[in-house]
Amino acid sequence: MAAVSLSVSTVKPLGDRIFIKVSESEERTAGGILLPDTAKEKPQVGEVVQVGPGKRNEDGSRQAPEVSVGDKVLYSKYAGTDIKLGTDEFVLLSEKDILAIVD
């Protein structure tokens, strides 16, 4: 998985790509133990920030994505490209890598 650092103001995904802002990872375990940065797992939950126009069907029409801006989603652990804009972390991935919409 590649990590990219960008200095742009907007990112517009193409095709069936989804741009997700990564949620903060937990700093403590359920038992209250403080985790150092090296022991934290990469979060797999984030909020959809931008959505591409959708995947093209065989007849040339577009299939609208199932997620929309503002949805909180669970995505595959090793999916997508990590992107850093300023201090915020994002991931750009294909719609097929989204596993579920969570509340």
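Mentor: Accessible areas in this predicted model come from the Shrake-Rupley method with a 1.4 Å probe.

Trainee: What share of the area that the chain exposes do carbon and sulfur atoms supply?

Mentor: The total to work from is about 7,100 Å² exposed by the chain. Of that area, carbon and sulfur atoms supply 49%.

Trainee: What percentage of the residues of the chain count as buried?

Mentor: A residue is buried when its relative accessible area is under 20%. The chain has 103 residues, and the part of them that counts as buried is 25%.

Trainee: Which pattern does the chain follow when read along the sequence?

Mentor: The chain has zero helices, and its strands number nine. Read from start to end, the pattern is therefore β-β-β-β-β-β-β-β-β.

Trainee: Among contacts between residues at least 6 apart in sequence, what percentage join residues at least 24 apart?

Mentor: Contact here means heavy atoms within 4.5 Å. Taking the contacts between residues at least 6 apart in sequence, the share that joins residues at least 24 apart is 66%.

Trainee: Which strand gives the largest share of the largest nonpolar core?

Mentor: That core has 11 residues, including I18, I20, V22, V73, Y75, V91 and L93. Three strands each supply at least two of its residues: β2, β6 (72-75) and β8. The largest share is three residues, and it comes from β2.

Trainee: Which members of the largest core does I20 touch?

Mentor: Leaving out residues up to four places away in sequence, I20 touches G46, E47, V49, E89 and F90, among others. Its list of contacts also includes residues that belong to the 11-residue core. These are V48, V73, Y75, V91, L93 and I98.

Trainee: How many residues make up the other core, the one that lies apart?

Mentor: Among its members are V11, F19, I83 and L85. The full number of residues in this core is five.

Trainee: Is the aromatic pair stacked or edge-to-face?

Mentor: A search of the whole structure finds one aromatic pair. The rings of F19 and F90 have their centres 4.8 Å apart, and their planes meet at 10°. Planes under 30 degrees apart meet the criterion, so the pair is stacked.

Trainee: How many residues apart in sequence are the parts that the pair ties together?

Mentor: Both F19 and F90 are buried. F19 lies in strand β2 (residues 17-22) and F90 in strand β8, so the pair ties together parts whose separation in sequence is 71 residues.

Trainee: Which salt bridge links distant parts of the chain?

Mentor: Two salt bridges are found in the whole structure. One of them joins D16 and R17, with the closest N and O atoms 3.2 Å apart. The other has an N to O distance of 3.9 Å, and its partners lie in strands β2 and β8, 67 residues apart. The pair is K21 and D88.

Trainee: Which residue of the bridge between D16 and R17 is buried?

Mentor: R17 has 39% relative accessibility, so R17 counts as partly exposed. The relative accessible area of 16% is under the 20% limit, and so the buried residue is D16.

Trainee: Are K21 and D88 buried or partly exposed?

Mentor: K21 has a relative accessibility of 35%. For D88 the value is 31%. Both values fall between 20% and 50%, so K21 and D88 count as partly exposed.

Trainee: How far from E95 is the nearest side chain of opposite charge?

Mentor: E95 is found in the loop between β8 (88-94) and β9 (98-102), where E95 touches D16, I18, P65, E66 and V67, leaving aside residues up to four places away in sequence. E95 is buried yet has no salt bridge. The limit for a salt bridge is 4 Å, whereas the nearest side chain of opposite charge, K55, is at 7.7 Å.

Trainee: What separates the C-alpha atoms of A79 and D97?

Mentor: A79 sits in the loop between β6 and β7 (81-85), and A79 is buried with a relative accessible area of 5%. A79 and D97 are 18 residues apart along the chain, and their C-alpha atoms are separated by 6.3 Å.

Trainee: Is I101 buried or partly exposed?

Mentor: I101 is found in strand β9. Beyond its neighbours within four places in sequence, I101 is in contact with E66, V67, D71, K72 and V73. Its relative accessible area is 47%, so I101 is partly exposed.

Definitions and conventions: Residues numbered from 1 in each chain as written. Predicted model: local features only at pLDDT ≥ 70, side-chain atom pairs only at ≥ 80, totals over all residues. Heavy atoms only, no water. Helix = DSSP H or I, 4+ residues; strand = E, 2+ residues; numbered from the N terminus. Buried < 20%, exposed > 50% of the residue type's maximum accessible area, 1.4 Å probe, protein only. Lys, Arg positive; Asp, Glu negative; His and termini not counted. Phe/Tyr/Trp six-rings, centres within 6.5 Å; stacked < 30°, edge-to-face > 60°. Core = buried A, V, L, I, M, F, W, Y, C linked by side-chain atoms within 4.5 Å.
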